[in-house]
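These are my notebook entries on a single structure. I set out to look up its sheet, its charged pairs and its aromatic contacts.

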Amino acid sequence: MGAKGLLDIDTMYGLRKGFLPQQPTAQQVMINAVSAGPITKNIEHIYVMGGSIWPYCPKKNNSRPEECGNIGNLFPGDDNPYAEFNFFEDPFAAYELSLHFTYLFVAGLHSGIPVTLIPLDATNTIPITENFFKAFEQKQNTYEAQYSFKAMKMAHDTWFNNHFHENVFMWDYFMVGVALSIMRNSANDNGENEFAVMEYMNITVVTSNEPYGISDGSNPFNDGSTTSKFKNGVHSGHVQTGNRDPFCLEKNQKGRCKDGYTMEVTGPDSVRVLVATEAKRNQDANSLLDREFYKSFLDVISRPQQSGRFNISTQFPYYGEIFYKPDFGTRKKGKPFVFDMDMSTGDLIALLYLLKLPVEQIDLKGILVSPNGWASAATIDIVYDVLHMMGRDDIPVGLGDVFAIGQKEQTFPLSGDCKYRKAIPLGGGGLLDSDTLYGFARDLPRSPRRYHSWPLLYGIGGHIDNKTGNLFTVPSNEFAEFNMFLDPLAVKVVMDSKLNVTLIPLGVQRSVSSFNHVLQRLEHKNQTPEAAFTQNLLSRLSQLQQKSDRYHHMDTFLGEILGAVVLAGDDPLLNQAFQHMPLKILANGDVKSDGQIVIDEKQGRLVKVLRSVNTTEYYDHFADVLNNQSQSARIGSFAEQKRIWTTPPNRFLTIPCLDSHLIFCFRYTETSVSFGASHPEFDNHLYLKQAVDFEDKRS
């Protein structure tokens with residue numbers, strides 16, 4: 001999930017934002033494609049990278065059994081040494097593919113879609129050798145070659161051990177090379193190509209484990225409530241439930257589970273598939289690149305034809321990475337605090353609110369991003385972009401653990417269980433929207449930063465009323481609230497500590513969760529960039545909520561902003577009412593009750609709880625802070641950043657530098673600099689102006 005997993009892949013080790021040029025949002029790409037007309041075409045052939053049929057033996061037929069590795073590549077692989085990752089992620093779908101997309105001969109007629117499989121059997125014979133790595137490093141003539149090698153080198157430099165060249169193989173791109181070569185030789189039915197030895201095999205995909213027909217709760221197709229075709233026979237056994245499934249582990253023996261295994265068999269469940277068995281050797285026996293595909297890959301990716309037009313630094317002729325850091329001078333800072341967020345929409349807007357408050361009131365020392373909530377770990381880059389927009393590149397950002405407490409694998413902590421996090425929807429209305437900020441993440445200016453014990457705590461979440469909570473994806477848990485449910489043991493640690501905790505529960509959050517009220521207040525003739533961004537984002541959430549049931553929970557994120565307002569605590573008109581209550585969180589490992597907060601007079605911890613707030617004043621206060629011109633955005637959007645990156649240096653450029661008292665403006669040309677300042681007490685009229693001329697522009 002985290003480093004060396006999804007976080008690295010989602011950010012391409014931090015290279016994506018720092019190298020690739022700006023593109024339209026995914027939503028716009030889909031709109032353009034659909035608007036252009038029908039996009040479906042007849043599928044003639046399917047090429048699949050994945051699966052594994054026989055174990056990898058370095059000496060082939062001369063290897064002893066102990067010299068051969070597992071058939072599959074799951075790690076640690078103690079309980080399933082047979083499966084390959086791509087097929088293991090959805091064995092039933094892989095079985096469907098093997099069953100339906102193959103050559104079928106009925107009454108002499110050919111129908112169906114042929115499949116060619118490039119399994120680990122073949123890719124295990126084409127590792128990223130040290131010789132290939134060095135040759136690639138010396139041949140980066142195109143942007144795509146540079147980007148690919150940077151990613152490969154980052155994986156190399158951060159690998160688990162010193163065996164990168166023996167452990168990492170040309171998986172997906174070898175499949176692409178084999179597929180294209182077969183297409184060029186399409187007249188041959190035997191899959192003749194330049195790069196791989198091919199063979200027809202009868203295979204099936206294992207979907208469950210013996211004994212069959214016995215329901216133990218692991219197999220959703222064998223729970224008595226389905227009429228699926230997977231209900232009986234080889235599909236009706238135990239389905240592996242995780243990395244350390246006790247059913248799959250046998251003492252001092254190889255794991256017995258085979259979910260996702262592409263097994264060579266005969267009989268009615270088998271299908272005839274064209275399979276790559278090994279990579280062909282280089283025809284030049286004297287070459288240090290001993291596989292034919294090594295040479296082809298380096299030649300193709302470095303060709304000037306059809307090469308990338310630019311990267312991010314050449315897309316904009318005056319591209320530069322500027323760090324914006326405020327100078328607070330001798331100003332007396334307010335209460336120090338760290339903001340812990342999970343990148344939900346409400347948390348992000350709350351961050352904008354906090355950044356707008358005067359430093360005399362709130363001194364934001366750092367931000368902790370929790371990646372086990374409403375967004376993935378890669379969204380830390382969005383936090384960096386928001387801080388850059390607001391001129392606060394000085395604020396450090398930390399990344400929390402990707403797993404809730406108690407959910408890591410003890411023997412392999414890079415993986416674990418998503419027992420609580422799986423309650424977050426994956427697609428629309430969930431991780432997909434949060435990770436892209438509903439398409440608005442691309443509107444933020446690009447930050448030069450990217451992913452490469454406190455005395456007082458404020459907690460947003462919890463539910464202490466006798467009404468239904470908001471855990472709509474776990475209907476069996478009626479009274480829990482999402483934030484508490486996602487890591488109940490962590491909440492227990494905090495509540496059991498001696499820290500002073502203030503809780504803003506779900507009930508009072510719901511009282512300030514009206515899209516109409518907040519959007520009306522944000523309307524302003526002199527709207528700040530951050531207020532405009534917030535209004536656009538909330539407008540989209542409101543529209544989605546009205547259009548689809550999938551987005552019925554969007555107003556949940558509005559309530560999360562309340563915590564930031566309570567933390568500021570500077571507006572007496574809000575009429576905040578608190579009550580100390582003895583509270584206890586349930587964290588017993590039962591998803592039907594975990595995350596619920598109960599009142600317990602004997603064992604409960606006394607917690608300060610917000611019970612009510614003046615909702616009218618709250619909406620006014622929130623909108624006023626966001627529209628305050630003081631501490632406004634240093635750079636309002638990516639569109640503004642693009643104008644800077646495309647403006648020649650001999651043109652006039654105004655850069656505002658704002659704090660809560662003075663507004664400074666600098667303007668420069670190649671031969672002069674002028675600056676001015678205004679003060680709100682004098683109606684923001686310019687009261688000081690000075691110009692400095694210099695002959696040598698380098699000075």
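The entries below follow that order, beginning with the origin of the model.

**Entry 1: the model**

I note at the outset that this is a predicted model.

**Entry 2: the sheet**

I first asked in what order the strands of the sheet are arranged. I found five strands in an open sheet, ordered β1-β4-β7-β5-β6, with mixed pairing. I then looked up the edges: β1 (46–49) and β6 (262–264) each have a single partner strand, so one side of each is left without a neighbour in the sheet. For the twist, I recorded that neighbouring strands are turned by 45° against each other on average, with direction ignored.

**Entry 3: from β1 to β7**

I followed the pairing from the β1 edge. Strands β1 and β4 run parallel and are joined by four bridges. Within this pairing, Y47 has T116 in β4 as its bridge partner. On the next step, β4 and β7 also pair in the parallel sense, over two bridges. Here I noted V275 in β7 as the bridge partner of L117.

I also checked which residues of β4 are buried on each side. V115 and L117 lie on one side, T116 and I118 on the other, and all are buried, which leaves both faces of β4 covered. T116 and L117 thus appear twice in my notes: T116 as the bridge partner of Y47, and L117 as the bridge partner of V275.

**Entry 4: the β6 edge and the packed helix**

At the other edge, I found that β5 (residues 196–205) pairs with β6 in the antiparallel sense, over three bridges. I203 is placed opposite E264 in β6. I next asked which strands helix α10 touches. Helix α10 (residues 172–184) packs on the sheet and touches β1, β4 (115–118), β5 and β7 (271–279). I recorded an angle of about 155° between the direction of α10 and that of β1.

**Entry 5: salt bridges within helices**

I searched the whole structure for salt bridges and obtained 16. I looked up two that lie within helices.

In the first, K134 bridges to E130, with the closest N and O atoms 3.5 Å apart. Both residues belong to helix α7 (residues 130–137) and are four residues apart, about one turn of the helix. K134 is partly exposed at 43% relative accessibility, and E130 is partly exposed at 45%.

In the second, K153 bridges to D157, and the closest N and O atoms are 2.7 Å apart. K153 and D157 are separated by about one helical turn, because they lie four residues apart in helix α8 (residues 143–157). I noted K153 as partly exposed at 32% relative accessibility, and D157 as partly exposed at 44%.

**Entry 6: a salt bridge between helices, and a network**

I then asked which parts of the chain the pair of D620 and R521 ties together. Their side chains meet in a salt bridge of 2.6 Å, N to O. D620 is in helix α23 (residues 615–627) and R521 in helix α19 (residues 515–522), so the pair ties together parts that are 99 residues apart in sequence. D620 is partly exposed, with 25% relative accessibility; R521 is partly exposed as well, with 24%. I also recorded one network, in which salt bridges with shared partners join R281, D290 and R291.

**Entry 7: aromatic pairs**

I counted 24 aromatic pairs in the structure. I asked why the pair of F195 and F293 is edge-to-face. The ring centres are 5.1 Å apart and the planes stand at 75°; the pair is edge-to-face because planes over 60 degrees apart count as such. F195 lies in the loop between α10 and β5, whereas F293 lies in helix α11 (residues 292–301), so that the pair links distant parts of the chain, 98 residues apart. Both F195 and F293 are buried.

I looked up F638 and W645 next. This pair is edge-to-face, with 6.0 Å from centre to centre and 80° between the planes. F638 is buried, with a relative accessible area of 4%, and W645 is buried, also with 4%.

**Entry 8: charges over rings**

Finally, I looked up charges placed over rings. K258 lies over the face of Y82, 4.9 Å from the ring centre. R272 has its charged end over the ring of Y200, 4.0 Å from the centre.

How values were computed. Residues numbered from 1 in each chain as written. Predicted model: local features only at pLDDT ≥ 70, side-chain atom pairs only at ≥ 80, totals over all residues. Heavy atoms only, no water. Pairing = 2+ DSSP bridges. Axes fitted to C-alpha atoms, helices over the stretch in contact; angles between N-to-C directions. Contact = heavy atoms within 4.5 Å. Salt bridge = Lys/Arg side-chain N within 4 Å of Asp/Glu carboxyl O. Buried < 20%, exposed > 50% of the residue type's maximum accessible area, 1.4 Å probe, protein only. Phe/Tyr/Trp six-rings, centres within 6.5 Å; stacked < 30°, edge-to-face > 60°. Lys NZ or Arg CZ within 6 Å of the ring centre and 35° of its normal.
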